[in-house]
Amino acid sequence: MKTLNLKVSIAFFLMAALLNCSKDDTSSPEISTMLNIPFASTASNITDYSFQANWVLVSEADSYLIDVSEFSDFSTILNEYKGVAVQENTLVVTGLLPATNYYYRVSAKRGAEITSHSNVITVTTTGVMSEEPEDPTFLKVKANALANPFFVGVAVKSNQLTEGSSYNTVLKNEFSSITAEYEMKMDPISTGSGTYNWQASDKIVKYGNDNGINVHGHALVWHNAVPNWLSTFSGTDVEFALEVKKYITDVVTRYAGKVRSWDVVNEAVADNGDMRNTIFLQKMGANYIKDCYQWARDAANAAGDTDLLLFYNDYATSTNIPKQNKVFTIVDDLKASNLIDGVGFQMHNTYLSPTKMQIETDINRAVAKGLKVHVSELDIQVNQNNDITFLTEERNLAQKAKYKEIVKIYNALPAVNKYALTVWGFKDNESWIPYSTDLNHPGNDWPLLYNNKFELKSAHTGFLEGLD
Ligand code: GLA
C-alpha cells in the first residue's frame, strides 16, 4: 500500500513538473493557468497524539488549506484543523487521541483562488485508547450500580458509530442508551409514499442491539421533520392520514423488538399552550395524536412486540405552565385509552433555569400518573445571553451544579417511573445549541459533558455526583 502511494505520489509529482515545463515553454508568465489540486500523500511520524500530514507541492500555490476530521466524509471537522492555512507542504497535527482514525485533505490557494480538495488520506494514531477516562467512574457503571438503576443515554449520529472512533469508545464506556439525534425522524427515513431510506436508522439500531445498548426511537411524528413530498401532499385529508399511518406502521414494524421505546408525537403543543398548528393538526384534526399512538401500538402488537413503550416528548414544560397543562391534558387523554407509557421532558436547560422546584413539579405530574419519565434531550447552556467568550470557571461550576441537580432529581424517582436520562450529544463544539435558528441562541456555548477534545468537563463530575 505504501509503495503504491509512493508510486502515485511520484507520478503525480512528475505530472505536475511536466505541466510546469509546458507552461514555461509558452514564455507567457502573465497567462495564469488553473492551480492544480494538491495530491495528499501518506502521513509520517505517527504517534499516539499526533502525526505529520504531507502533500505534494503545487506550482504557484502560495499556501495550502488543510482539513482534519474523524470522519471520512468530513461531516465534522476538528475545530483546530478546519482549513488551516500553511505555506509548506507538510503540517504536524497535534492534540489527537490514541488509536483513533483521522482523515485529512488539502486544497491549494493562490490569492483568492482555492482548488477543490485533494484525495483523502487515512491515518490511525498509535497506542491504545484509554479504557478509562480520567475520572475513574463511568456514568453508566455508576447508574447501573444504583439500587434502582436507569439508562444513561446519549444522542448519536450514525457516522460516529464506527470502531476506532473516539465516540465509539466513550459511548461503550459511559452510556447504556442511544437516541438518534436526527436520523430516525420522518424526513430522513421517508423518501416518498411507501419508500424509505433505512441506511442510517438501521445502522444506529443495529449498533445498539449488537452492543447491548438500549435504543430509544425519536420521533415518529414531528412538525419540523416532515419530508417535502408529504408537506406538499396534494391528496385528500383522508389520504394524508393514510400516509402517516403507513409510515408509523412500517417504521414500528421494522424495528419491533429492536427499539424499546418511541417518541410517537414530538412537540404537539405551542408555546402559548394551544395545540401547535401543524400540518398533522390541519389535515387530520384534533384526534390526530391519539390516532398516531393507536397506529404505533397496533403495529407493535401485530409484530409481536407487546413491550414497546410509547412516549410523548416536549420542551420547556417546567417553566411554561400553560404548555405544561396542555401537555398533561394530551397525556391524560392518551392514558385513558392506555396508549402511553411515558413522558419525555427534553430539558434544553440553562445554568439558571428551570429551578429544581419547577423541574420536580413538572416531572411529578407524570410520576403521579404512573408513567415513565425520560429526561430525553438534556443539555445545559451557560451562555444564553452571550455574556462570556469562553467557558469561565464560574459558569463551569454553575453548570456542574445544574447537571448534578437534575441527575439527583431523576435518581430520586421511584423505580417504576425511571427509564432514561439522555444527554443531547457528546462534545460541546458539536452541540446543536449555538446553531439552532429555532432557539435563536446569540453566541457560542458549552452545554455538554465533554469539551471539544473529548476531555471530561466538570459537568461530567456533576453528573456523577448526582448519582451519589
Ligand atoms: C428538538 C427535537 C430534537 C432535536 C432538537 C435540536 O428538541 O426534539 O430531535 O432536533 O430539537 O437538536
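1. Lys 246 and Asp 250 both belong to helix 7 (residues 237-254), and because they are four residues apart there, about one helical turn separates them. In this predicted model, the two side chains form a salt bridge whose closest N and O atoms are 3.4 Å apart. Lys 246 is partly exposed, at 37% relative accessibility, and Asp 250 is likewise classed as partly exposed, at 23%.

2. A network of salt bridges with shared partners brings together Glu 60, Arg 110 and Glu 113. Within this network, Glu 60 and Arg 110 meet at an N to O distance of 2.5 Å. Their pairing connects distant parts of the chain, 50 residues apart: Glu 60 sits in the loop between strand 2 (51-55) and strand 3 (63-69), whereas Arg 110 is in strand 6 (residues 101-110). Glu 60 is partly exposed, with a relative accessibility of 37%; Arg 110, at 15%, is buried.

3. The UniProt record, an unreviewed entry, lists residues 37-128 as "domain: Fibronectin type-III". In the model this span is 43% strand and 0% helix, and its end C-alpha atoms lie 35 Å apart.

4. A further salt bridge joins Lys 157 to Glu 181, with 3.4 Å between the closest N and O atoms. Lys 157 lies in the loop between strand 9 (151-156) and helix 3 (166-174), and Glu 181 in the loop between strand 10 (177-180) and helix 4 (186-189), so the salt bridge ties together parts that are 24 residues apart in sequence. Lys 157 has a relative accessible area of 15% and is buried. Glu 181 is also buried, at 11% relative accessibility. The count of salt bridges in the model comes to 21.

5. Glu 181 also appears among the residues around the ligand. The others are Lys 185, His 218, Trp 222, Asn 266, Glu 267, Gln 346, His 348, Glu 377, Trp 424 and Trp 432. By class, this shell divides into four charged, four polar and three nonpolar residues.

6. Three side chains of the shell may be singled out for their distances to ligand oxygen atoms. A polar side-chain atom of His 218 is placed 2.4 Å from a ligand oxygen. For Lys 185 the corresponding distance is 2.7 Å, and for Asn 266 it is 2.9 Å. Of the 300 Å² of accessible area that the ligand has on its own, the protein covers 89%.

Terms used:
Residues numbered from 1 in each chain as written. Predicted model: local features only at pLDDT ≥ 70, side-chain atom pairs only at ≥ 80, totals over all residues. Heavy atoms only, no water. Near = heavy atom within 4 Å. Polar contact = N/O pair within 3.5 Å; in protein donor to acceptor, adjacent residues only side chain to side chain. Areas by Shrake-Rupley, 256 points an atom, 1.4 Å probe, with all protein chains shown as cover. Nonpolar A, V, L, I, M, F, W, Y, C, P; charged D, E, K, R; others polar. UniProt positions renumbered as here; feature names shortened; annotations may be inferred. Helix = DSSP H or I, 4+ residues; strand = E, 2+ residues; numbered from the N terminus. Salt bridge = Lys/Arg side-chain N within 4 Å of Asp/Glu carboxyl O. Buried < 20%, exposed > 50% of the residue type's maximum accessible area, 1.4 Å probe, protein only.
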